[in-house]
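User: Could you take me through one part of this model in some detail? I would like a close look at the aromatic rings and their surroundings.

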Amino acid sequence: MVLDDLLQRRLIILSGKGGVGKSVIGTALALAARGRGKRILFIEVDAPLTASRYLGEAPVGGHETEVRPGLSMVNLVPARVMDEYVREMVRVDVLARKVQGSPIYRRFFAAAPGLPELMVLGKIMVLEEEKTGWPRRPRYDLIIVDAPATGHGLAFLRVPLVASNAVPVGPVGHNARRILSMLRDPKRTALAIVALPEEMAVVEALEFQRMTRDELGIEARAFILNGCHERRFTGAQEAEILRRVTEDEDGRLAPGVTLQAALAAGRRHIRRRKLTQFYRKRLEQAADAPVVSLPLLFTDRIDEAALETLAGRLEAA
Amino acid sequence: VSQLSVQALSRALDERRVLVVCGSGGVGKTTAAAALGVQAALRGRRVLACTIDPSRRLATSLGLDRLPDKPRALDLDRVAPDRDPRGALWAMTLDTKRTFDALVEKHASSDAARRRILENRFYKQVSSALAGSHEYMAMEKLLELSADERFDLVILDTPPTRHALDFLEAPERLMGFLDTGILKWFLKPYFVAGRLTLKVATRTGALALKLADNVLGLQFLQDLSEFFLAFEGMYAGFKERAGRVRALLRSDDAGFILVASPAPLTLDEALYFHQRLDESGMPFVAFVVNRVHPDPAQGFPATRAAADIDDDLAEALVEVFQDQRRLARADRRSVERLEGVTGRSAILIPEFEADVHDLRELKETGDVLFGVGGERRGRARGRSARRLAAADGAKR
């Protein structure tokens, strides 16, 4: 249901603080959508290691690369996007290179506040509006953006508003307003907030919901709670674990697994599960959008099988 | 070996004047910075812990939510009555906009210049909202605080950037920007007349201007030009202070503590960061790896006796145990990689079963770091972690 709702938009923006697993969830979301026959583009912004590695593929660059039939990925580096834009504007390669080679251009781009973000969002808009073939149809059915996690993650989305206020006239203001109206249009864009079942992450996710609504006029459509500890024991078993863990019984359950160590592991799990439950409730009570829980995966590394597990859970939510 | 790292960290808390806590977002930097602040104060130093983005409960319990941007003295008597009495702890949260405003207030060349800046549309947006200003202001604040005679140690939490290096490079970036012709270019009246007066010396220059007009628009350039003009007279000061921060961060008075989690991505960042510190001659102190999953077998002597337990429960328990062991092993491999690449041992903090919210928990986190109360660090860590968990259980 949540997935149906999200997939009705062409653009899904995943936001959340660093380390909550946005790129894993974004890739799982892409696989789930691909299962429904959509043509998908997954966009990362200046990612040091791109999500293509989860699928066992080489890092992707600034050009869209089809990593699976129907699933393309791209890593937008702001300076490269700007270069590309300049090339389009100048149209003469030699001159474009000359401009790009000048230190003034480089340093201006690095120091002009908000310009990198604006360039990236502009590129996202171009991709969202791109048409192909005859009859013309959208090049991508779905674009998923792993938004950069700077500060509250708000900085990125705030740029178009700031730019349209600061520079009302001229191409910057014009494009900023177009980007803003794309982001605000619930028929085109869905914002999903990713969090972990932890104090900071939940508080920030809720603050983020409030700020995007109040400051930017963008409503979050879903929360995704990643890394949940799910119930592994019955209520009676949990009671038994908590009772026996404080005793000092001899014995083992398997080679290398003593009873007391396993009971201690059991108690650790129970505490984590309760924390998960506590934070999920808190999120559900305060969130104005559905909350989807995804399990913590006890794998050494994220691979396609792990992603398919998460995709299945998204499909079922 | 890890004992050496603990000693290095310990010496740094005793001797340095500035400690910068770095790492990528979500690794527990803020908590680590605050916990180290408590430890230094217990050793008799007068410490200011400057945090950037504390959790609300931590901010509330330290009273930071009521006093943004002002150091607030914390009462250590309750958590450490028998500490070195000379020690004291202040905490504050850095507020980018206020720091920027204060800077303008202090350094603007005249009242008119001050008003021109503070009322500039561009300034209003830039000073609070946009990326980059955090780093510049953290830098300015660090300089101001390190000269404040109330404190003999400043511990600085760094802004939550995607690339932790942004902070490190802020002084260079600012100096680089002020050094290029770009500023002069903006300070010339190309834009002010309301149209581009194209008396630019070179063809490329003329082209760049034309392009800038097409891409960015004249209005944008004019606003930017006005913004830069308003700051005229302050640039020498900016540059001079950026140079001083740069020198301070390379001196023996400073030290960098790199915080990572065992997640490969944050560890890679820590490795890269370490390399950059090395290259630029900045003093590295120690790696702290936070939220390490403990090995569930650790501390339990092996046995061969059969256990008296229901089969279903035994099976579920073994599964949970193995899952936790897998995470612990993955974490250990991560830490070994870090240590192998750098030749430095890491100080490990186990994953606690609850978040750290108040001064007492901050102190206990630091105790875990230093293995207080036991000769064997691992043991002491385990005990403290359990104590923390127990304390948390009692509260709920």
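User: To set the scene, how much area does chain B expose, and what share of it do carbon and sulfur atoms supply?

Analyst: Happy to help! Please keep in mind that this is a predicted model. Chain B exposes about 17300 Å², and carbon and sulfur atoms supply 49% of that area. Of the 396 residues in chain B, 56% are buried. Its secondary structure consists of 16 helices and eight strands. Among contacts in chain B between residues at least 6 apart in sequence, 78% join residues at least 24 apart.

Now to the rings. A pair of aromatic rings is described by the distance of the centres and the angle of the planes. Over all chains, a search of the whole structure finds three aromatic pairs. One of them joins A:Phe278 and A:Tyr279, an edge-to-face pair with 5.0 Å from centre to centre and 75° between the planes. A:Phe278 is partly exposed, at 35% relative accessibility, whereas A:Tyr279 is buried, with a relative accessible area of 3%. In chain B, the ring centres of B:Phe284 and B:Phe287 lie 4.9 Å apart with the planes at 55°, so this pair counts as tilted. B:Phe284 is buried at a relative accessible area of 14%, and B:Phe287 is buried too, at 0%.

Charges also meet rings in chain B. B:Arg43 places its charged end over the ring of B:Phe370, 4.9 Å from the ring centre. Likewise, the charged end of B:Arg241 sits over the ring of B:Phe238, at 5.6 Å from its centre.

Key
Residues are numbered from 1 along each chain as its sequence is written. Chains are lettered from A and ligands numbered from 1 in the order in which they are written. This is a predicted model: local features need pLDDT of at least 70, side-chain atom pairs count only at pLDDT 80 or more; totals for chains, interfaces and linings use all residues. Side-chain values use heavy atoms; hydrogens and water are left out. Rings of Phe, Tyr and Trp (its six-membered ring) pair if their centres lie within 6.5 Å; planes under 30 degrees apart count as stacked, over 60 as edge-to-face and the rest as tilted. Buried means under 20% relative accessible area, exposed over 50%, partly exposed in between (1.4 Å probe, protein chains only). A charge sits over a ring if NZ of Lys or CZ of Arg is within 6 Å of the ring centre and within 35 degrees of the ring normal. Helices (H or I, at least four residues) and strands (E, at least two) are DSSP runs, numbered from the N terminus. Contact means heavy atoms within 4.5 Å. Accessible areas come from the Shrake-Rupley method with a 1.4 Å probe; for residues, only the protein chains shown count as cover.
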